[in-house]
Amino acid sequence: MNLTLKVWRQDGPHTGGRFETYQAADIKDEMSFLEMLDIVNERLIEDGREPIAFDSDCREGICGTCGLMVNGQAHGPQKGTATCQLHMRTFRDGDEITIEPWRAAAFPIMKDLIVDRSPLDAIVEAGGYINANTGAAPDANLIPIPKPVADSSMDAAACIGCGACVAACPNSAGQLFTSAKLNHLNLLPQGQAERWKRTEAMVERMEQFFGSCTNHGECQEACPKEISIDFIAYMNRDYIKAKIKNRKLQGQGFP
Amino acid sequence: MTATQEAPPLTPDITVAPVMKRPSKRLPFPLVYWQTAVGKKWIMALTGAALMGFVFFHAIGNLKMYMGEEDFNHYAEFLRDLLYPILPHTVALWLLRIGLIVAFGLHIAAAASLTRMNQKARPVRYQSRRDYLAANYASRTMRVSGIIVGLFLLFHLADLTWGVGFINSEFERGEAFANVTYSLDRIGVAAIYIVANIALGIHLFHGAWSMFQSLGVNNPRYNGARRAFAAGFAVLVAGMNISFPIAVLTGVVG
Ligand code: SF4
Ligand code: FES
């Protein structure tokens, strides 16, 4: 099939950018979206032009490195699919496809379609860990965890940190990512020791970079791992509780 | 032991500078909730719930209009004597009013500050057309519908509580029924009431649902009911309120 691409080109973080139009001829339906871009890039290089810069790594939907705004939708039109897993059969011959990078103050554009997503790491750094004893490994299944709890935690842990939730959110809120990273620990017995401290630290770190959730639900639609906004509600609840819990902890020297 | 719960400092791996300033000093509980967006949303949800209670009982009370002048005026008088003789005349009413003013104030202040935060979070908009999947008309126009309702509230107070001359020239204190029917019999005023209450309905449709998320009231067992509740509540309140100008205009009341 033959496609027309309108791609955002930007030379560097502090320069302006613009859309440029490219023809993508002879694209096969079984190609992934990124393979299609690879082909366009090869042809650009052959013509001695600058290839389109975009991020990718695993190309199997598990690393969260890829991520493009395709026709106004984060990760393109197919639900629950990262850009690398989006196949060209979702498009028709003759389509015009607009490709833009994620846009948020916390995700500055480095070049063309590549953005810096390190604020997501900042949130995880703030509290995305548990304390574990050193020494001999404990027996497996020593801590009983109800199946639904384990499942729910696993659903949250499926987040690949792609940032599509922020990109899709009309407010650039980081709620879905943060709640996923928070809840996969907060839900489990192993995560209880730091639960309230973690909740405060991660939420407050998030708010250094991202907007405020107005419950549009756009993130849940964009998320390639279909993380549910239920986790956002759990996070909100834990945050409100955390302020009360921590006050108790701070009883002997509240600043 | 001073246990501070602040997040550790940013490591050099974080190559983006913080976008928002966080307050350097934390306020004592419960003021601390005002210092984060999640806390402010919680306050918005609580004040929103209080305001929902108000619009609901306000509309229910006004249904008395359909029972005629005497009943309606009697109801208006009763409000002044609420909880009398436990409290002196109008004291309970004033306590409720103060509560409402505080709720409105906090709701609006939180909305304004979160709006600013959201504008900062995406200074450069998408340059191509966005294709929204979940965000609906109601959720995307909360600010507009909220402003319409806020302005309408001032108009409504000037019209039927303060009786500001150029809005309601026939206003007479204590004659609640006559005041309402005179006011709503004017087609322009009736139109304002209808439009504003449509905006209120739209605001409630998203707000009454959003409230549950902000409060963290979420349980997959009854999550479906949250939407239904919000839709039902919005239709009920807007429906009752819109029926009043229509009833007066068509002569059913008055
Ligand atoms: S929550 Fe979903 S959209 Fe957001 S970063 Fe994780 S995987 Fe990506
Ligand atoms: S490249 Fe790894 S998720 Fe797309």
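Contact here means heavy atoms within 4.5 Å. I keep that cut-off in mind for the packing entry below. The model I am reading is predicted.

**Entry: helix H6 of chain B**

I started with H6(B), which covers residues 176-184. I looked up its buried residues and found Phe177(B), Asn179(B), Val180(B), Thr181(B), Ser183(B) and Leu184(B). Next I asked which helices the buried residues of H6(B) pack against. Four helices of chain B came up: H2 (69-80), H5 (142-160), H7 (187-215) and H8 (223-249).

**Entry: chain A against chain B**

I then turned to the two chains. On the chain A side, 67 residues are in contact with chain B, and chain B answers with 62 residues. I noted a buried area of about 5500 Å² between the chains, with 54% of it on carbon and sulfur atoms. Three residues, Glu207(A), Asn215(A) and Ile240(A), supply 12% of the area that chain A buries against chain B, and no other three residues give more.

I looked for charged pairs across this interface and counted three salt bridges. One that I wrote down joins Arg22(B) to Glu204(A), where the closest N and O atoms are 3.9 Å apart. Taking only pairs with both residues at pLDDT 80 or more, I have 41 residue pairs in polar contact between chain A and chain B.

Which elements of chain A give two or more residues to the side that touches chain B? I listed strand S5 (96-100) and the helices H2 (118-127), H4 (164-168), H6 (195-209), H7 (218-222) and H8 (230-249) of chain A. H8(A) gives the largest share of that side, with 13 residues. Sorted by class, the side of chain A that touches chain B holds 31 nonpolar, 20 polar and 16 charged residues.

**Entry: the two domains of chain A**

I looked up the domain assignment of chain A, which gives domain 1 as 3-111 and domain 2 as 117-251. Their C-alpha centres lie 30 Å apart. The contact between them draws 19 residues from domain 1 and 21 residues from domain 2.

The area buried between the two domains of chain A is about 1500 Å², and carbon and sulfur atoms give 57% of that. On the domain 1 side, I find that Lys79(A), Ala106(A) and Phe107(A) lose the most area to domain 2, together 34% of what that side buries.

Lys79(A) appears again among the charged pairs, as it forms a salt bridge with Glu221(A), with the closest N and O atoms 3.5 Å apart. Across the interface of the two domains I have three salt bridges. I also have six residue pairs in polar contact there, both residues being at pLDDT 80 or more. By class, the side of domain 1 that touches domain 2 has ten nonpolar, six polar and three charged residues.

**Entry: Gln23(A)**

Last, I looked up a single residue. Gln23(A) sits in strand S2 of chain A, residues 17-24. Is Gln23(A) buried or exposed? Its relative accessible area is 57%. Exposed means over 50%, so Gln23(A) is exposed.

Leaving out residues up to four places away in sequence, I find that Gln23(A) touches Leu3(A) and Thr4(A). With Thr4(A) there is also a polar contact of 3.4 Å between the side chains. I checked one separation too: Gln23(A) and Gly135(A) are 112 residues apart along the chain, and their C-alpha atoms are separated by 60 Å.

How values were computed:
Residues are numbered from 1 along each chain as its sequence is written. Chains are lettered from A and ligands numbered from 1 in the order in which they are written. This is a predicted model: local features need pLDDT of at least 70, side-chain atom pairs count only at pLDDT 80 or more; totals for chains, interfaces and linings use all residues. Side-chain values use heavy atoms; hydrogens and water are left out. Buried area is the accessible area (1.4 Å probe) that two parts lose on being put together, summed over both. A salt bridge is a side-chain nitrogen of Lys or Arg within 4 Å of a carboxyl oxygen of Asp or Glu. A polar contact is a pair of N or O atoms within 3.5 Å; within protein, one must be able to donate a hydrogen and the other to accept it, and residues adjacent in sequence count only if both atoms are side-chain atoms. Ala, Val, Leu, Ile, Met, Phe, Trp, Tyr, Cys and Pro count as nonpolar, Asp, Glu, Lys and Arg as charged, and the others, Gly among them, as polar. Buried means under 20% relative accessible area, exposed over 50%, partly exposed in between (1.4 Å probe, protein chains only). Domain bounds come from an automatic or database domain assignment.
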